[in-house]
Amino acid sequence: MATLHTWFATDKDFPLIADWLIDASAQPVDAALKIDDIATDGSEFVLYFPALGAPEFWPDQINLADYDENTTRWKQAVLTKIGAEDRPQRRMIDPQKSPAAGLKMPYLRDGQYWVSGSLWFPTSNLKKVFPELAKICGRFERWIRKFPTVFDNRKGDNQTTFDRQICHCNIVQCINALPDAYSLLNDGACMVDYMTSDFTYQGCTKRWQY
């Protein structure tokens, strides 16, 4: 199971995330990119940690017969094969063999609502497979939890004061807000969890109008 950290951040906040990742020696798999140059436009990037090893990739042609059917690895191969067909120009990293993390950038939707960003570590059984990467994951969690919690339904309904202002998908999670995003929420701004469906988003925007 992946370990996911979700947060609200504006373009003013993202340098804090970028600095943390750079200090942790993270690098984009795409060598042409630099973390501190990435735009807050909702894009997704694969990061890796060179001190822990080089990234490894799935074969260009994935043969599902190479994997035992209905196993976790087979299911990963199926999803990767589908992703590779959607993006034939992009090599697909193998998170079970790579010290990797995924970065989902926040962005401003419809010019009004900031959508959350996230950092996730997709390796199954992370502590066993990449114990040093698990430590980086833990350090990031401790760091991001220093910022105010604005959504948390891990023990049932969200009890934060921003419940009406946050459009979410009912996935059990905790969301923190970096300083500029938190200031906007305090001023009455509304924000959207990036995993929210278009249908739910439309319902939220209608509710926010009243």
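In the predicted model, Glu44 is partly exposed, with a relative accessible area of 42%. Its salt-bridge partner is Lys104, and the closest N and O atoms of the two side chains lie 3.8 Å apart. Lys104, by contrast, is buried, at a relative accessible area of 12%. The different labels follow from the cut-offs, because buried means under 20% relative accessible area and partly exposed covers the range from there up to 50%. The pair joins distant parts of the chain: Glu44 belongs to strand S3 (residues 44-48) and Lys104 to strand S4 (residues 100-104), with these positions 60 residues apart in sequence.

The structure contains 4 salt bridges. Another of them is formed by the side chains of Glu132 and Lys135, with an N to O distance of 3.2 Å. Both residues are part of helix H4 (residues 131-144), where they are 3 residues apart, about one turn of the helix. Glu132 is partly exposed, with a relative accessible area of 41%, and Lys135 is also classed as partly exposed, at 47%. A further salt bridge brings together the side chains of Arg154 and Asp152, with 2.9 Å from N to O. Arg154 has a relative accessibility of 48% and counts as partly exposed; Asp152, at 22%, counts as partly exposed as well. Asp152 falls within strand S8 (residues 149-152). Side chains of opposite charge can pair when their charged atoms come close.

Strand S8 is joined to strand S10 by 3 bridges, and the two strands run antiparallel. In this pairing Phe151 stands opposite Ile175 of S10. S10 is also joined to S1, again by 3 bridges, but here the strands run parallel. Trp7 is the residue placed opposite Asn176 of S10. S10 itself spans residues 174-177 and is covered on both faces: Cys174 and Asn176 are buried on one side, and Ile175 and Ala177 are buried on the other.

A separate description applies to an open sheet of 4 strands, which has the order S5-S6-S11-S9 and mixed pairing. Its edges are formed by strand S5 (107-109) and strand S9 (166-167), each of which pairs on one side only. S5 pairs with strand S6 (residues 113-115) in the antiparallel sense, over 3 bridges. Within this pairing, Tyr107 stands opposite Val115 of S6.

The largest nonpolar core comprises 30 residues, and those with the most contacts inside it are Trp7, Ile17, Leu21, Leu103, Leu119 and Phe121. Two or more residues are contributed to this core by each of H1, S3, S4, strand S7 (117-121) and H4. H4 supplies the largest share, 7 residues. Helix H4 therefore contributes to the core and also holds the Glu132 and Lys135 pair, both of which are partly exposed under the 20% and 50% limits. For Leu21, the contacts beyond four places in sequence are Ala26, Ile35, Leu47, Leu103 and Leu119. Apart from the largest core lies another of 11 residues, among them Trp114, Phe162, Ala181 and Met191.

Two acidic residues in loops were also examined. Asp11 is located in the loop between strand S1 (3-8) and helix H1 (14-23), and is partly exposed at a relative accessible area of 45%. Once neighbours within four places in sequence are set aside, Asp11 is in contact with Thr40 and Trp114. Trp114 is among the members of the 11-residue core. The C-alpha atoms of Asp11 and Asp41 are separated by 9.2 Å, the two residues being 30 residues apart along the chain.

Glu56 is found in the loop between S3 and helix H2 (72-86). Its relative accessible area is 39%, and Glu56 is accordingly partly exposed. Excluding residues up to four places away in sequence, Glu56 touches Ile93, Asp94, Lys97 and Ser98. For one of these contacts, Lys97, the C-alpha to C-alpha distance from Glu56 is 6.1 Å, across a sequence separation of 41 residues.

Definitions and conventions. Residues numbered from 1 in each chain as written. Predicted model: local features only at pLDDT ≥ 70, side-chain atom pairs only at ≥ 80, totals over all residues. Heavy atoms only, no water. Buried < 20%, exposed > 50% of the residue type's maximum accessible area, 1.4 Å probe, protein only. Contact = heavy atoms within 4.5 Å. Pairing = 2+ DSSP bridges. Core = buried A, V, L, I, M, F, W, Y, C linked by side-chain atoms within 4.5 Å.
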